[in-house]
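Biologist: Please take a close look at one helix for me, and then walk me outward from there. Keep it brisk.

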Amino acid sequence: MTVVRRKQLKTCLEGIADWVVNSFDDAEVSGIAWDSRQVQPGDVFFALVGENVDGHQFIQSAVERGAAAVIGTQGDIALDVPYVQISGDDRLAMAAFSAAFYDHPSKKMIVIGVTGTDGKTTTTNLIYHILRTAGIPAGMISTVNAVVGDEILDTGFHVTTPESPDIQRYLTQMVDAGLTHVVLEATSHGLAQKRVASMDFDLAVVTNITHEHLDFHHDYQGYLEAKGKLFEALSDRETGSKGVDKLGVLNKDDRSYDYLHKITSAKQLSYSLDKHADLWADEIEHSPEGVAFRVNGWGEPFKIQSKLVGLYNVSNILAAVGATLGGLDLPVSVIQKACQTVEIIPGRMERIDLGQDFLAIVDFAHTPNAIQQALTAARELTNGKIIAVFGSAGLRDVEKRKLMPQTAVGLADEMILTAEDPRTESLESILTDMVEGAVRGGGVQGQSFWLEPDRGNAIRQAVNRAVRGDLVICLGKGHEQSMCFGTVEYPWDDRMALRAALSERLGIPGPDMPKLPTSDVSKEG
């Protein structure tokens, strides 16, 4: 049964520094909305000012839908409901309001934040699985979904941290369900846009910070500073109030280490594939069944075995060990068991096996570093050819779409460049940039790489080019369930598409290949 929450407007404003209001009239609100189309009767509507849309234009629509109050940054707005004018950052205000509305649930839980360019979803899931294996009632908010007890909640089409009202609502559900810990995946957008502001973080973990989202953050330093907000938050809260000391878990192998090391006064733990860290790995063994290695630096060395593959997952596991062993003092035996039993994360080096005589894998890699790591891991799994299928998203960093094929040329034997969420940008223009990168890396069109605008046909071509012992890897979409052309999200799942292509080749029953706007106009070039 859904419990209706009602709070006085004035009470929820107490965490916001500067505001004026025309009238309270003991106004109460029962929800929070920032999209006028989603307003429910009783909600407070935040008129956020974004890069392209000003929420003040939709205030009247929100009131007509039943908004009980409106909060914005503009003055002189006369309404039939209370209007609160705030100064400063409207997203920071929404985060503070949301935390107050839901009675600050993060203060009632151990909160573990995980950020990074690549590997953060895997690391988030690893930490969550270790907690559950230890018998700790824990929840998780990742860019894939939110997990509250046995309930799995969808967090949207494309990967990002939910907005602050949603996060606070999820946390409240967890508290109400008796959960004591939560693992939260924090993206750079989520940090920069204050979605995780007003959160009482206890542990902060970073995987790596490489080339990504420079269209939004403008340069690497801006991106680094956005990620760093998670670690700055550790210094802003009282340590030890929940029975654990604030801890930052840092990757000493990553270029982000020096910066992150300096910006937080909280206790720190470093991890590395080299011995010059608090935790490090050696005796690393790779196989198609996963990785095995020894963890050093924390008491007696101990072995880890996991179904996860690739050297980058050794780093992800070390990050999870740092948080749970170094931060929460969980038993080594529990961590070992959890690493051995954790299932492959959906869309992360996920194998698709219909009985074919070659490997077929779907992975979410969509940055230059992730492409490098995924293809390096793929090389450890086969002595045959590696055939990679990937694209690059529209309205994103242009240089990234050149760097990915430039990187992949030296690691994959063959590449098929295709569509990946072109959005309102020209797919032809995106592919032209990708060709430039591939050629820059030494690729030859028609010999080491091909163009196929339709992703379904690109996957078909890769499957049909494979022979016994080869490896086909579809990169970029992972677990995602849609692809954006223009402003429309079309149903799409790389795993289903790969199964469709494999079943066609094998002549066995299987799913139909999903259709995209390119399906009837594709061509091989």
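Modeller: In H8, the buried residues are Tyr220, Tyr223, Leu224, Ala226, Lys227, Gly228, Leu230, Phe231, Ala233 and Leu234. Two lysines deserve a look here. Lys227 is among the buried residues. Lys229 is the centre of a kink of about 35°. The helix covers residues 220–235, 16 residues in total. From first C-alpha to last it reaches 23 Å, close to the 22 Å expected at 1.5 Å a residue.

A word on confidence, since this is a predicted model. The mean pLDDT of the protein is 90, and 94% of its residues reach 70 or more. Residues 213–217 are a weak spot: pLDDT stays under 50 there. The model still gives that stretch 20 contacts beyond four places in sequence.

Next, Asn208. This residue sits in the loop between strand E13 (203–206) and helix H7 (214–217). Its relative accessibility is 12%, so Asn208 counts as buried, the cut-off being under 20%. The Asn208 side chain reaches the backbone nitrogen of Asp118 at 3.0 Å. Leaving out residues up to four places away in sequence, Asn208 touches Gly116, Thr117, Asp118, Asn251, Asp254 and Asn369. Asp118 thus appears both as a polar partner and in the list of touching residues.

Helix H3 makes a useful second case. H3 spans residues 90–101 and has 12 residues. Its first and last C-alpha atoms are 16 Å apart, close to the 16 Å expected at 1.5 Å a residue. Of its 12 residues, 10 are buried, so the rest of the structure largely encloses H3. The buried set is Asp90, Ala93, Met94, Ala95, Ala96, Phe97, Ser98, Ala99, Ala100 and Phe101. Both ends have a detail to check. At the start, a side-chain oxygen of Asp89 comes within 2.9 Å of the backbone nitrogen of Arg91. Just after H3, Asp103 takes a positive phi of about 65°.

Last, a sheet. Six strands form an open sheet with mixed pairing, in the order E19-E20-E24-E21-E22-E23. Strand E19 (350–351) and strand E23 (449–451) are the edges, and each pairs on one side only. E19 pairs with strand E20 (residues 359–363) in the antiparallel sense, over two bridges. Within E20, Val362 is the bridge partner of Glu350.

Notes. Residues numbered from 1 in each chain as written. Predicted model: local features only at pLDDT ≥ 70, side-chain atom pairs only at ≥ 80, totals over all residues. Heavy atoms only, no water. Helix = DSSP H or I, 4+ residues; strand = E, 2+ residues; numbered from the N terminus. Buried < 20%, exposed > 50% of the residue type's maximum accessible area, 1.4 Å probe, protein only. Polar contact = N/O pair within 3.5 Å; in protein donor to acceptor, adjacent residues only side chain to side chain. Contact = heavy atoms within 4.5 Å. pLDDT = per-residue confidence, 0-100. Expected span 1.5 Å × (residues − 1). Bend = angle between axes of the 7 residues up to and from the residue. Pairing = 2+ DSSP bridges.
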